[in-house]
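Today I wanted to look up how charged side chains pair up in this structure. I kept my notes in the order in which I went through the pairs.

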Amino acid sequence: MSSETRVAEFAKIVGAQNVLTAEDDRRRYAHDKLPYANFRARAGALVGTLPGVVVRPGTAAEVQQVVQLAAEAGLPVIPYGSGSGVLGGTIPLGEEVLIDMQRMDRILSVDPENALVTVEAGMNGELFEEALNKQGYTAGHLPQSLTISTVGGWAACRGGGQESSRYGKIEDIVVGLKAVLPDGRILEVRPLPKRATGPSIRDLIVGNEGTLAIITELTLRLWKLPEAEEVLAFALPDRPAALGLARRIMQAGLHPRIVRLYDEKETASRTEGIDAYRERPVMANIVLCGEPGLVAAEAALVRSFAGEAGAVETETRPFDEWRAHRYKSISQQWQEKGFYNDTIEVTVNWSRAAALYDAIRAAVPAIHPDAHFSAHWSHVYPEGVCQYMTIRLPQMPQDEALPLHARLWELLEGETLAHGGSIAHHHGTGLFRGPWMDGELGVGMDVLRAVKDALDPQNIFNPGKLGLPPRAGAIDPYRDRMDHA
Ligand SMILES: Cc1cc2nc3c(=O)[nH]c(=O)nc-3n(C[C@H](O)[C@H](O)[C@H](O)COP(=O)(O)OP(=O)(O)OC[C@H]3O[C@@H](n4cnc5c(N)ncnc54)[C@H](O)[C@@H]3O)c2cc1C
């Protein structure tokens with residue numbers, strides 16, 4: 001099929017105004033928020049290719065027809081939420097067809113009796129949450145990128161919100177879904193409480209990053225907005241004490257809305273002028289919410305656990321300031337100033353958490369004496385914690401910075417695996433994390449490859465992502481990075 005015929009065929013499905021072929025339009029869709037690609041863009045370089053064409057379906061039936069047409073022509077496609085991903089998941093490697101989901105932006109039903117909400121996958125996160133809040137509800141998924149991401153993107157990347165310690169990550173929030181498979185069939189997972197019918201098909205689709213299915217609709221858990229809330233702030237003597245406090249809270253079965261622990265560097269940057277942190281340099285912010293009686297009881301318990309951990313309670317101003325700007329990106333501000341700033345979020349069991357932090361912190365200066373390393377812990381679970389790390393290299397020529405950036409990634413992901421952790425908590429894998437997927441999943445990666453081969457024998461759904469093979473002739477997804485390593 002010639003490219004003109006192809007464009008005409010897509011236009012028949014979605015309308016000519018929803019097929020974008022102009023170079024400027026295709027360039028807008030050629031990147032997401034992958035920091036490495038942002039660095040390369042400063043030097044005028046593109047990681048990957050432009051998309052061949054951008055198609056904007058308005059219904060699930062249109063997504064299905066677009067996929068059927070692509071499958072018949074053997075054309076690769078990439079579903080696009082709103083390009084807020086930070087691992088290059090939507091970056092084309094061979095002029096793929098980009099399927100922009102953002103016209104599918106409606107809440108289809110709110111079902112208070114079963115505490116469920118059904119929404120189209122392309123709806124913007126902030127608009128979705130605001131619409132629920134107006135009716136007295138929340139879906140409980142509040143990523144820092146709320147304003148710039150879609151509900152479908154959350155599920156596709158297996159994301160985590162700032163209140164995950166209470167509401168769970170998106171995989172705990174998704175109850176049902178509809179998705180289009182590479183052969184054009186529609187898969188439905190009905191929104192039922194639990195099942196014992198073999199492995200979870202839902203969990204195969206959540207986190208698939210567009211490699212196995214295009215999610216068109218999601219049914220999520222719905223919660224009443226909490227009636228009461230109490231914000232607590234503590235200064236702790238050291239990191240192990242803070243981690244121990246969070247572990248105790250989660251293992252006691254409490255349900256804090258927010259838990260945020262900061263290392264000494266991040267504490268210092270947020271607590272200027274507060275004396276409590278001079279002797280106790282580690283900050284913990286803990287927010288309880290829900291029925292007033294439960295909040296009072298949980299707050300009393302947290303205060304007593306904190307006292308036993310050597311904490312003093314102090315003012316909540318740093319937390320209030322964080323909350324006021326909770327959807328703004330500090331990382332991007334550094335990037336815009338010409339620094340090589342990146343963030344890497346991993347998970348580790350409690351028993352290895354302190355050692356993982358110490359190992360990385362000790363090794364960073366050998367890569368560059370002025371490299372910044374800091375961390376906080378804001379997703380906590382009974383079995384362990386997400387360590388959210390910031391790395392930053394000073395302004396310097398790209399030829400010098402990119403190999404150092406690559407070595408920092410190797411260090412952080414490598415030490416995580418060496419400490420038995422997972423290379424990713426909520427940003428997903430995309431393009432950039434592919435090289436670590438075999439180390440992460442082991443034999444599980446063979447299982448993933450077999451599932452991919454079975455569902456997508458032509459390799460047309462987001463090829464080359466999630467550590468899966470690219471198509472023949474595509475740009476080598478890692479060439480650019482490896483050139484600089
Ligand atoms: C400043 C900033 C802060 C962030 N904070 C968080 C955070 O707190 N928590 C968090 O989890 N993430 C965070 N992220 C990462 C990112 O916002 C999330 O991964 C988000 O879920 C991506 O949504 P999106 O709609 O923009 O998806 P995109 O970036 O468009 O796509 C991401 C991946 O999902 C696939 N995809 C998108 N839609 C679909 C669909 N309907 N069906 C199948 N596959 C699909 C794409 O092909 C791609 O592989 C942050 C990013 C930035 C820039």
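I began with Glu 9, which counts as partly exposed because its relative accessibility is 26%, and I kept in mind that the model I was reading is a predicted one. I then looked up its partner and found that Glu 9 forms a salt bridge with Lys 12, with the closest N and O atoms 3.2 Å apart. Lys 12 counts as exposed, since its relative accessibility is 65% and the cut-off for exposed is over 50%. I noted that both residues belong to helix α1 (residues 3–14), where they sit three residues apart, about one turn of the helix.

Next I turned to Glu 230, which makes a salt bridge with Arg 303, the closest N and O atoms being 2.9 Å apart. Glu 230 lies in strand β12 (residues 228–236) and Arg 303 in helix α13 (residues 292–308), so this pair ties together parts that are 73 residues apart in sequence. I wrote down that Glu 230 is partly exposed at 25% relative accessibility, and that Arg 303 is partly exposed as well, with a relative accessible area of 34%.

For a third entry I asked myself whether Lys 452 and Asp 456 are buried or exposed. I found that Lys 452 and Asp 456 are both buried, and that their side chains meet in a salt bridge with 2.7 Å from N to O.

Finally, I looked beyond single pairs and found a network of salt bridges that links Glu 163, Glu 229, Arg 257, Arg 323 and Arg 326. My last note is the overall count, which comes to 28 salt bridges.

Definitions and conventions:
Residues numbered from 1 in each chain as written. Predicted model: local features only at pLDDT ≥ 70, side-chain atom pairs only at ≥ 80, totals over all residues. Heavy atoms only, no water. Salt bridge = Lys/Arg side-chain N within 4 Å of Asp/Glu carboxyl O. Helix = DSSP H or I, 4+ residues; strand = E, 2+ residues; numbered from the N terminus. Buried < 20%, exposed > 50% of the residue type's maximum accessible area, 1.4 Å probe, protein only.
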